[in-house]
Amino acid sequence: MPPSSSASTTLPKARSRAAHAALAAPDASLWAMIDDDVETDLDTLARLVAIARGGKVAVLPCAVRSTGNDHRINVLWAGSLVDPTGGVSSRAVARGGCGLMIVPRAALERMRFTYSAALSYCDDDGEKRVALFAQMFTGELDSQMWLGEDYSFCERLRAAGVELAAPVEGHSIHDGAILD
């Protein structure tokens with residue numbers, strides 16, 4: 001077996017491993033990613049679960065770290081229409097952060113099927129996995145952007161026909177920054 005590189009595991013690799021583990025749990029209908037610097041209340045969490053049970057990937061809008069007075073969130077909206085997905089007012093998302101994201105099993109299965117040929121790799125333990133969170137470039141050649149693992153995952157979700165949505169009401173805290 002080759003020397004282990006798990007001591008240098010990156011976030012894309014860790015998230016891809018976690019997705020693989022979620023797929024290995026046959027009774028898991030939803031998979032939640034929750035970063036240790038993200039918080040929400042039970043009502044907002046219930047909204048996220050309702051969106052995911054409705055078949056869409058649910059993203060928690062959070063304030064992101066910034067300098068000065070520019071206030072940004074981790075979500076790039078896909079439109080302004082508010083939709084009552086799963087009885088929850090939500091809005092379509094083009095890309096969102098994975099700080100708190102809930103993914104339906106069907107979406108993970110679709111991703112594994114769609115990307116198994118292009119993104120398969122042999123992990124340190126010898127197991128074959130799919131690098132669903134591998135970072136990617138997007139855009140035209142002269143204006144390409146390097147996307148982080150979370151935005152890359154969202155791009156792949158949408159390319160595979162999976163919708164993403166975020167509740168338009170709720171509460172989040174990311175690294176101490178509050179968003180209501």
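## Aromatic pairs

Three aromatic pairs occur in this structure, which is a predicted model. One of them joins Trp31 and Phe133 in an edge-to-face arrangement, with 6.3 Å from centre to centre and 75° between the planes. This pair links distant parts of the chain: Trp31 belongs to strand E1 (residues 30-34), while Phe133 lies in the loop between strand E8 (128-130) and strand E9 (136-138), and the two residues are 102 positions apart. Are these two residues buried or exposed? Trp31 has a relative accessibility of 10% and counts as buried, because the cut-off for burial is under 20%. Phe133, at 0% relative accessibility, is buried as well.

A further pair is formed by Phe137 and Trp146, whose ring centres are 5.2 Å apart. Their planes stand at 65°, so this pair is also edge-to-face, given that angles over 60 degrees fall in that class. Phe137 is partly exposed, with a relative accessible area of 48%, whereas Trp146 is exposed, at 61%.

Which residues form an aromatic cluster? Trp31, Phe133 and Phe153 are joined into one. Phe153 is among the buried residues of helix H4, an element to which this report returns below.

## Salt bridges

The whole structure contains 14 salt bridges. The table lists three of them, with the distance between nitrogen and oxygen.

| Salt bridge | N to O distance |
|---|---|
| Asp123 and Arg129 | 2.7 Å |
| Glu127 and Arg129 | 3.8 Å |
| Glu155 and Arg158 | 3.2 Å |

Arg129 takes part in a salt bridge with Asp123 and in another with Glu127. Arg129 is buried, with a relative accessibility of 10%. Of its partners, Asp123 is buried, at 4%, but Glu127 is partly exposed, at 36%.

The bridge between Glu155 and Arg158 lies within helix H4 (residues 149-159). How far apart are Glu155 and Arg158 in this helix? They are three residues apart, which means that about one helical turn separates them. Glu155 is buried, with a relative accessible area of 17%, while Arg158 is partly exposed, with 38%.

Salt bridges can also share partners. In this way Lys13, Arg17, Asp123, Asp124, Asp125, Glu127 and Arg129 are joined into one network. The bridges of Arg129 to Asp123 and to Glu127 connect members of this network.

## Helix H4 and the residue that follows

Why is H4 described as largely enclosed by the rest of the structure? The reason is that eight of its 11 residues are buried. These buried residues are Glu149, Asp150, Ser152, Phe153, Cys154, Glu155, Arg156 and Leu157. Helix H4 thus contributes Phe153 to the aromatic cluster with Trp31 and Phe133, and it holds both partners of the salt bridge between Glu155 and Arg158. After H4 comes Gly161, which has a positive phi, near 90°.

## A sheet of three strands

Strands of a sheet pair through backbone hydrogen bonds, and the pairing may be parallel or antiparallel. In this model, an open sheet of three strands is arranged in the order E2-E12-E13, and its pairing is antiparallel. Which strands form the edges of the sheet? Strand E2 (38-40) and strand E13 (177-179) are the edge strands, since each pairs on one side only. On average, neighbouring strands of this sheet are turned by 20° against each other when direction is ignored.

Strand E12 (residues 172-174) and E13 run antiparallel and are joined by three bridges. Within this pairing, Ser172 has Leu179 in E13 as its bridge partner.

The loop between E12 and E13 contains Asp175. Although Asp175 is not a glycine, its phi is positive, at about 50°. Asp175 is partly exposed, with a relative accessibility of 46%.

Methods:
Residues numbered from 1 in each chain as written. Predicted model: local features only at pLDDT ≥ 70, side-chain atom pairs only at ≥ 80, totals over all residues. Heavy atoms only, no water. Phe/Tyr/Trp six-rings, centres within 6.5 Å; stacked < 30°, edge-to-face > 60°. Helix = DSSP H or I, 4+ residues; strand = E, 2+ residues; numbered from the N terminus. Buried < 20%, exposed > 50% of the residue type's maximum accessible area, 1.4 Å probe, protein only. Salt bridge = Lys/Arg side-chain N within 4 Å of Asp/Glu carboxyl O. Pairing = 2+ DSSP bridges. Axes fitted to C-alpha atoms, helices over the stretch in contact; angles between N-to-C directions.
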